[in-house]
Amino acid sequence: MSVSGTYNTTVKSPMGDQAGTFTVVDNGDGTFAGNMAGGMGSMDVEEGKVDGNTLTWKMNMTVPMPMTLDCEATIEGDALTGNVNAGAFGAMPVSGTRA
């Protein structure tokens, strides 16, 4: 099954649960494009890589403060689980289901 799709996600952040929509477009060459949109705005995927059913990527957050997020998630069926690493704030769990 392709990792491509739209996932309704929740990130457990220090500011409480952040709901969002994560769009994944598998480029078919070990890379992917997409974005994460939620209450704090939208962030584009950068350096998106696909390894089997594992995704790794970066996002540049601007709100509430500028920061690069290092992300990793595994897709199993329609479920997404992983972590968003926010530097000094540590890793925040992310989970979601394919829409």
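**Entry 1: the aromatic cluster**

I started with the rings, and I found that Phe-22, Phe-32 and Trp-57 form one aromatic cluster. I should say early that this is a predicted model, where local features need pLDDT of at least 70, side-chain atom pairs count only at pLDDT 80 or more, and totals for chains, interfaces and linings use all residues. Residues are numbered from 1 along each chain as its sequence is written, and side-chain values use heavy atoms, with hydrogens and water left out.

I noted how rings are paired: the centres of Phe, Tyr and Trp rings (for Trp, the six-membered ring) must lie within 6.5 Å, and planes under 30 degrees apart are stacked, over 60 edge-to-face, and the rest tilted. My search of the whole structure gave 3 aromatic pairs. One of them is Phe-22 with Trp-57, a stacked pair at 4.7 Å centre to centre with 20 degrees between the planes. This pair links distant parts of the chain, as Phe-22 sits in strand S2 (residues 16-26) and Trp-57 in strand S6, 35 residues apart. For strands I used DSSP runs of E with at least two residues, numbered from the N terminus.

Are these two rings buried or exposed? I looked up both: Phe-22 is buried at 1% relative accessibility, and Trp-57 is buried at 4%. Here buried means under 20% relative accessible area, exposed over 50%, and partly exposed in between, using a 1.4 Å probe and protein chains only.

Next I checked Phe-32 against Trp-57: their ring centres are 5.9 Å apart and the planes meet at 80 degrees, so I logged the pair as edge-to-face. Phe-32 lies in strand S3 (residues 32-38) and Trp-57 in S6, so this pair ties together parts 25 residues apart in sequence. Phe-32 is buried, as is Trp-57.

**Entry 2: the core around the rings**

I then looked at the largest nonpolar core, meaning a set of buried Ala, Val, Leu, Ile, Met, Phe, Trp, Tyr and Cys residues joined through side-chain atoms within 4.5 Å. It has 24 residues, and Phe-22, Phe-32, Leu-55, Trp-57 and Leu-69 touch the most other members. Among the elements that give two or more residues to this core are S1, S2 and S3. S7 gives the most, with 5 residues.

I also listed contacts of Phe-32, counting heavy atoms within 4.5 Å. Beyond four places in sequence, its partners include Val-24, Val-45, Val-50 and Leu-55.

**Entry 3: strand pairing**

Two strands pair if DSSP finds at least two bridges between them. I saw that S1 (residues 5-13) and S2 pair in the antiparallel sense over 9 bridges, forming a hairpin with 2 residues between them. Val-11 has Gln-18 in S2 as its bridge partner.

S2 and S3 also run antiparallel, joined by 7 bridges, and Gly-20 is bridged to Gly-38 in S3. Their hairpin has 5 residues between the strands, and Gly-28 in the turn has a positive phi of about 80 degrees.

**Entry 4: a look at Pro-64**

Where is Pro-64? I found Pro-64 in the loop between strand S6 (54-61) and strand S7 (67-76). At 48% relative accessibility, Pro-64 is partly exposed. Leaving out residues up to four places away, Pro-64 touches Met-15 and Met-40. The C-alpha atoms of Pro-64 and Met-40 are 7.6 Å apart, across 24 residues of chain.

**Entry 5: confidence**

Last, I checked pLDDT, the predictor's confidence in each residue, from 0 to 100. The chain has a mean of 94, with 99% of its residues at 70 or more.

Technical notes: Helices (H or I, at least four residues) and strands (E, at least two) are DSSP runs, numbered from the N terminus.
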